[in-house]
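Visitor: I'd like a close look at one part of this protein, the way its helices pack, and then a walk outward from there. Could you take me through it at an easy pace?

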Amino acid sequence: MKLNIRNADTLIVWIRRELRVQDHLALWSALEDARTVAPLYIIDGAFRTASRPRQLVILDGLEELKAALHSLGGRLFLRTGEPEAVIHAMLRETGAAGVYCTNESQPELRCRDQQIRSSVEAAGKLWKEFKDRTLFDEREILSKSRSEPFTVFTAYKNAWTSRQEEIPPPLPFITHVRVPDITPGEMPAVSVPAGIFREQVRPVGGEREGVRALKRFLRNGVDGYHEERDRPGNDGTSRLSHHLASGSLGIRTAYHALAEASAQARGLARQGPEAFLDELIWREFYHQILANFPHVAEGAFKPAFDRLDWPTDRSYAEAWQNGSTGYPIVDAAMRQLNTEGWMHNRCRMIVASFLTKDLHVDWRVGEGYFMRMLADGDVALNNGGWQWSAGTGNDAQPWFRIFNPTLQSKKCDPEGAYLRRYVPELARVPAKYIHEPWTMPPSVQAEAGCRIGREYPTPIVDHARERARTLELYANVVSGARSR
Ligand SMILES: Cc1cc2nc3c(=O)[nH]c(=O)nc-3n(C[C@H](O)[C@H](O)[C@H](O)COP(=O)(O)OP(=O)(O)OC[C@H]3O[C@@H](n4cnc5c(N)ncnc54)[C@H](O)[C@@H]3O)c2cc1C
């Protein structure tokens, strides 16, 4: 049955990851199409099992959304339960003509939406999805020759940048919201225990903070981004990830503000904005990979690597999780994650390489741990980052790129400021030894109050030896695949 949505009496806007009022396509379109709109957030199993940092970011977003809708004459409707049942109950309660929402790239959420869509349509109601999480969706940027999805970033980026003119501007501001007269429902409570997570330094969510963080970065940070972005000890990145992941910042808003900053810059001053745009394109790239190749949610992008052997026992994974591997950069990064719910990108790459290629632990163990700890946990980006690091993904670099944690540490944190901040045992270790404290002579260890094997662990593995082992493990798989 084909429904005419224009002039509907009421529409439901099911808000999943668009925790904002402005530049929110499903909400804006529903307000255009219906007399009243019911903005709905469902507190489901995904909320209850999300990491504590992520739950807090969602709650920030909901609080602000509630206040913003209220100030525009509207209301946020909160319901708890299994989404399909809640949607149908809400359709009955409001008599709405249908449901508007943003489309998903995650395979299991797409399946869920497909199922709900079928039952909504079977009930004679309308279901409409909008592209709002990325600037282009997985069907828009395809190879010219074969109309197939890109699997290599550079080719994707070239095609993506050639289409920038097509990116629509942010939506006009919403100034008034008309809602049906039903009960608003209760705000959820945080349900995951804190552990060692420190709430006073956590990423703070919400639409106002998202826009503020964007402006702050474009004013103070973007110029030097290309140089500063690889220095975890400096505050050189945008810290927008949890806003983009929870939708408290719209991607069109971010893109156009960046384009404006870039247009005002001349010559070399463009390098920062251009490097930043690259990262936003990586974000788009990984979303289209997940949508076009849903098997990556479970296994290797290149299926041959599903035959990789991951011979290590769990005790290594525990040392990695706790930040007690004896490699300062790995330990600092993992402690940053555990206490703040965020980790710098360079460090994400280092710890992911270390887990998979030094400790030989399956990348999915790390992927799962990140999702349990991050405030910005995003399946598309997390999966892409882990597969890139493990060498199982769509990476132009060969699988035998293996990060040396000590060299990485010297390069990205030369003075050891980041290491000292997160690993207090190393606070008094001289700069000369900070990246490899196990090389400190005993007298220096005693003076620094950092005896290896006592105050700070002995390295859990020998990098050179494990590197050789990794090359062997991967080579076995690659040669096996070739001989098939
Ligand atoms: C193993 C691994 C796991 C990751 N897991 C996640 C995750 O769950 N959620 C997440 O948002 N990011 C993830 N990333 C990407 C990246 O580390 C974070 O987006 C970034 O560190 C967030 O900080 P920022 O906002 O200050 O980044 P900035 O450097 O300021 O970048 C701006 C934005 O661009 C996007 N971006 C930046 N780097 C990447 C990248 N390498 N790949 C794709 N998009 C990128 C993000 O949306 C980010 O907010 C992961 C990377 C790796 C290597």
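Visitor: To start with the part I'm curious about: at what angle do helix 13 and helix 14 pack, and how far apart are their axes?

Guide: Happy to! Please keep in mind that this is a predicted model. Two packed helices are described by the angle between their axes and the distance between the axes. Helix 13 covers residues 328-340 and helix 14 covers residues 345-358; they pack at an angle of about 115 degrees, and 9 Å separates their axes. The crossing of helix 13 with helix 14 is left-handed. On the helix 13 side you will find I329, V330, A333 and M334, which meet C347, I350, V351 and F354 of helix 14. By class, this contact holds 8 nonpolar residues, with no polar and no charged ones.

A second helix pair makes a good companion. Helix 15 (residues 363-373) packs with helix 16 at an angle of about 145 degrees, and their axes are 10 Å apart. Here the crossing is right-handed. Helix 15 brings W363, G366, E367, F370 and M371 to the contact, while helix 16 brings N382, N383, W386, Q387 and A390. The class count for helix 15 against helix 16 is 5 nonpolar, 4 polar and 1 charged.

From these helices we can step to the ligand. It is surrounded by 28 residues, and the closest are T237, S238, S241, N382 and G385. Helix 9 (241-246), helix 11 (271-292), helix 14 and helix 16 (379-390) are the elements that give two or more residues to this shell. N382 thus turns up twice: in the contact of helix 15 with helix 16, and among the closest residues to the ligand. By class, the ligand shell has 12 nonpolar, 9 polar and 7 charged residues. Domain 2 and domain 3 each supply at least three residues to the shell.

That brings us to the overall layout. The chain is divided into domain 1 (8-132), domain 2 (134-170 + 206-292) and domain 3 (303-483). The C-alpha centres of domain 1 and domain 2 are 26 Å apart. Their contact takes 19 residues from domain 1 and 17 residues from domain 2. On the domain 1 side, 6 of the touching residues are nonpolar, 5 polar and 8 charged.

Finally, have a look at the sheet. It is an open one, built from 5 strands in the order 3-2-1-4-5 with parallel pairing. Strand 3 (77-80) and strand 5 (126-130) are the edge strands, each pairing on one side only. On average, neighbouring strands are turned by 30 degrees against each other, direction ignored. Strand 2, residues 34-43, pairs with strand 3 in the parallel sense over 4 bridges, and I43 stands opposite T80 of strand 3. Helix 1 (residues 25-33) packs on this sheet, where it touches strand 1 (8-15), strand 2, strand 4 (98-102) and strand 5. The direction of helix 1 makes about 175 degrees with that of strand 1.

Methods: Residues are numbered from 1 along each chain as its sequence is written. This is a predicted model: local features need pLDDT of at least 70, side-chain atom pairs count only at pLDDT 80 or more; totals for chains, interfaces and linings use all residues. Domain bounds come from an automatic or database domain assignment. Two residues are in contact if their C-beta atoms, placed from the backbone, lie within 7 Å. Ala, Val, Leu, Ile, Met, Phe, Trp, Tyr, Cys and Pro count as nonpolar, Asp, Glu, Lys and Arg as charged, and the others, Gly among them, as polar. Two strands pair if DSSP finds at least two bridges between them. Axes are lines fitted to C-alpha atoms, for helices over the stretch in contact, and angles run from 0 to 180 degrees between N-to-C directions. A crossing is left-handed if the near helix is turned anticlockwise from the far one by less than a right angle, and right-handed if clockwise. A residue is near a molecule or strand if its C-beta atom, placed from the backbone, lies within 6 Å of it.
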